[in-house]
Amino acid sequence: MKFLLKTTVKLFIGAALIFVAVYAAAPYLIENLLLRQLEQQGFENVSIRAERPRWNALKLNWLSFESRQGGIKWLLETRDVRVVINPLELFLGNLPTVSTSKTYLKIDSRSRSTNDLVSDFELALPAQWLSFVPLRSFNVGQLVVNWRGQQQSAEYTGTVSVERIADRIQMEMSLARHGSSLEMPYSAALLMTRSGQLSLSIAQQNKNDTPLLSLKARLSDRSDTIEISKAELAFDTLALSEFGRELLLFAPLNAEVSGLITVKPSGYISKKIVAGAPLKYRLRGELLAKLDAVAAPFYTYDASAVLSASFDIDHVSTAMTLDTKSLIETAPPDALLAFSIASAELLPLAVDKPLRIEIAEPLHFKSDRELSDVVDLRRWTLDGVVLVSLPLVGGKSWQLALDSPSLDVSDVVTLSADYELKLPLNKQTFSSGYLGSSGFNATGVLNIRNDQLVVSIDQGSNWSIGETRLGEEKIEQLKLEVNKTVELDYDVSQQRWQLGKAQLKVDIGVFDAGEYVITPGLIKIDIEQALGRAGKWSVNGSLLAEVFASNRILNESLAFYAQAEFRADDEALLGNSRLALNSESNTIANGEFSYDWRKATGGMRWRADAVPVKDGVAALVALIPSVFADGFGLDGGTLDADVSFLLLEEISKAKASVRLSNLEGSYGSLQVNGLSARIVLDDLLALSSKTASVITVEGLDLGFPVRKLRFNVQPLSNKEGFLGFVISDASARLLGGRVALRRMVWLPGQKSQFNVDVNAIDLREILALEQRPELSGSGIIDGRIPITLSGGAISVTAGGLQSRQPGGVISYRHTDANSLAKTHAGLGLALKALEDFRYDSLRAKVDYSPDGELILALSIVGYNPDFENGRQINLNINIEQNVRSLLQSLQLADELTDKIDQRVQQGLK
């Protein structure tokens, strides 16, 4: 028993001596322990000084060390660190507390080197952190942080408080930037549990609002990784941006974005961090952003948005998807609002409804770079479809679909995408017609940046109209189609746009024009260049049009081609044109045109020089089929024409000057040679002229020749319009003489009367028409034929012809005169008298009825010096014949011979 007691006393005394020795050496032991631990962790320049101010406390007078981790160099200095250790309470499980009055932390992140990481280290779960830090509490009365970054530097002051309760650690920290005008520190609260739950919130002190950032997660230790589950990160975009701007922790977005963004990730992070190697991780999850206001420098209109996305990222790749639940709504740009007010009929904008941006097909982004590199990417390419809708009244909308858009965020923000644009346009009316409701559909590539807009318009883009009226003509179909991909470039700062080479095709439906059916064929517009700036614009190009006109009656058709080189700007349209028939190369006329948009005035002029008229026969067959149905034809001659149209502010005018030279042709049995004309119409629309047109014909074949036909013709009109024609000073060489017409007025549908004077017609040439050698004669015939035109019918009443003194001779030497005299004594005497009949007077009375009945009453007085001693003979003959024209009556020599024979047989008087 005594031995046991002595042994116990010795052990107690030994333990007491050891305890006293340890207690006395505790500061030195603490210094060495911390020094060894810090050096093992790779810290440099470690400096520690400790003492024992009280029996149950330790005091670190000075603690400092440096470290280099990757591109970051930091220095920690703290003094007056007080550690309260109660040996008795340690046995009861009460951990010591630590407090310090001031801690200084200097962080320098200016180095770009990533290869100078001193040592590897591992991440730990909160449970490990709790075991590693055997403290009940840790308080820093004043924390000073000096941070120097690549772009800026700052100094912060604050406090830190850490409390350990059971299996959790709770840390609270406040921080404010030194010199801040707001002087409102931000506070952070961190909660960690041994089971792996993590909770972090950051808020601005003295405010009861929702924390600007909150994080909740569950962390699990799985071999070499830390798995993340049940995580949620939420932050207020505007508050977080102000937080970054105030504390200079990061460069805030150059935009005002207000709203809440929630991220729900899951995945893992590798625990082992190897020097110089990237952190290995993989995170999947969803993101939901509810933004109530978005205002960016390149887009100055408030907008709200709901963005729903999923992501799959790791240390080598990034994949994100924006799904169809996403929606952005914004007010239309001011330019569109102004245009809608100025042109409400064209753009009936629903001003009370927002412009909508929707995800029509999910937007996918995938990159073989990690997220931090993706943020720095200059170009983001997405796979999916974005739909932009501009609301109109009546439930319609203008729609722009962007397929696979890409975003370039280098010096300026640039959006590129394949696009499809659909614009329903309202009905447009103007003074002489209207354009019906139409639709504009375009596809191509869209490239938008804050200083420039580039749009390519693909082949097949079109503008179509259901119904159009131009003047009195109604067109059921009108379509303008892009035949060649073009590019439009718009400079935002200079408000200047430019269009490169383009080719357009115009389709127009068939429309009626009286007895004609007009079928426009190919209409092609080539644009060389189009420019515009600040309300000024200009377009240079050419036009090719092919049109077919078919006659319903004869099924004849006319094809003509028009080509034009034009220049149009905001003031006027002008250019040169060419008109061809049957083929593009067969040019018949050249012209020029102009039109003033603002005054609605302009003009057009066509000129044809020495055009062969036979090239226009096909056109005339289609335009005047009734004439050509009667056998009208043209074989030679040329046409010169100058036709102009003027559109003035109050009225329209047109005039024409046409010259026909040496035309040759036929009309039925009528042959025309050397027809020339100078036709002038001062007012083509009213068919009026102050100058008479002159028409000459070198020769007409009416069964007998008519030469040197000449007459003047002038339209007759009044205020009500066209009335008819005045024909004057008409004359022609006929049968050795001349026929003339001083003046006649022809009024369609009314009666017109005029006289045709016959002068010095040679009887020899009249009788020569019969081409009988036994019949001849001589003498000069004069007279006047009064003609009446009524409704297209011709009549002659009491026309008269008479021989000129001293008369003439008619000789008829019948080959069978002797034999006839033996069998018919009277006939023989008559034929004997007519062998040398010398007449003193020859008179003819002419009447012609509209039904074509000609009555010719002949009275001839004369003698034959070798017959019955030259006694006087009176010969009266009446001829009735239905003829088609008055001129054909001059071919009645056969009838005249027969009548003479009959009269002789009845006996001579």
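**Figure 1. Phe725 and its ring partner Trp746 in the predicted model.** In this predicted model, Phe725 is partly exposed, with a relative accessible area of 25%. The aromatic pair in which Phe725 takes part with Trp746 is the 1 such pair that the structure holds. The ring centres of Phe725 and Trp746 lie 6.1 Å apart and the ring planes meet at 5°, so the pair is stacked. Planes under 30 degrees apart count as stacked, and the angle of 5° between Phe725 and Trp746 therefore places them in that class. The pair links distant parts of the chain, with Phe725 in strand β47 (residues 721-734) and Trp746 in strand β48 (residues 737-746), 21 residues apart. Trp746 likewise counts as partly exposed, at a relative accessibility of 34%.

**Figure 2. Asp729, a residue of strand β47 with a positive phi.** Asp729 is placed in strand β47, the strand that also holds Phe725. Although Asp729 is not a glycine, its phi is positive, at about 50°. Most residues other than glycine have a negative phi. With a relative accessible area of 48%, Asp729 is partly exposed.

**Figure 3. Asn662, a residue of strand β43 with a positive phi.** Strand β43 covers residues 652-667 and includes Asn662. The phi of Asn662 is near 55°, a positive value in a residue other than glycine. Asn662 counts as exposed, at 52% relative accessibility; the cut-off for this class is over 50%.

**Figure 4. Leu647 and its contacts.** Leu647 is found in strand β42, which runs over residues 632-647. The residue counts as partly exposed, with a relative accessibility of 38%. When neighbours within four places in sequence are left aside, Leu647 is in contact with Tyr595, Ala600, Thr601, Gly602 and Ser652. One of these partners, Tyr595, is 52 residues from Leu647 in sequence, and the C-alpha atoms of the two residues are 8.2 Å apart in space. Across the chain, residues 24 or more positions apart account for 50% of the contacts with a separation of 6 or more.

**Figure 5. A nonpolar surface patch formed by Met604, Phe645 and Leu685.** Met604, Phe645 and Leu685 form a nonpolar patch on the surface, and together they have about 270 Å² of accessible area. Within this patch, Leu685 belongs to the loop between β44 (670-681) and β45 (693-701). Leu685 is exposed, with a relative accessible area of 55%. For the chain as a whole, the exposed area is about 51,100 Å², of which carbon and sulfur atoms supply 55%.

**Figure 6. The cis peptide bond between Gln805 and Pro806.** Gln805 and Pro806 are joined by a cis peptide bond, with omega at about 10°. Most peptide bonds are trans. Pro806 is placed in the loop between β52 (793-803) and β53 (808-812).

**Figure 7. The chain from which the close-up views are taken.** The secondary structure of the chain comes to 12 helices and 56 strands. Among these strands are β47, which holds Phe725 and whose partner ring Trp746 is in β48, and β43, which holds Asn662. The chain has 909 residues, and buried residues make up 37% of them.

Technical notes:
Residues are numbered from 1 along each chain as its sequence is written. This is a predicted model: local features need pLDDT of at least 70, side-chain atom pairs count only at pLDDT 80 or more; totals for chains, interfaces and linings use all residues. Side-chain values use heavy atoms; hydrogens and water are left out. Rings of Phe, Tyr and Trp (its six-membered ring) pair if their centres lie within 6.5 Å; planes under 30 degrees apart count as stacked, over 60 as edge-to-face and the rest as tilted. Helices (H or I, at least four residues) and strands (E, at least two) are DSSP runs, numbered from the N terminus. Buried means under 20% relative accessible area, exposed over 50%, partly exposed in between (1.4 Å probe, protein chains only). Contact means heavy atoms within 4.5 Å. Accessible areas come from the Shrake-Rupley method with a 1.4 Å probe; for residues, only the protein chains shown count as cover. Patches are made of residues with over 30% relative accessible area and no salt bridge: like charges are joined within 9 Å, nonpolar side chains (Val, Leu, Ile, Met, Phe, Trp, Tyr) within 5 Å. A salt bridge is a side-chain nitrogen of Lys or Arg within 4 Å of a carboxyl oxygen of Asp or Glu.
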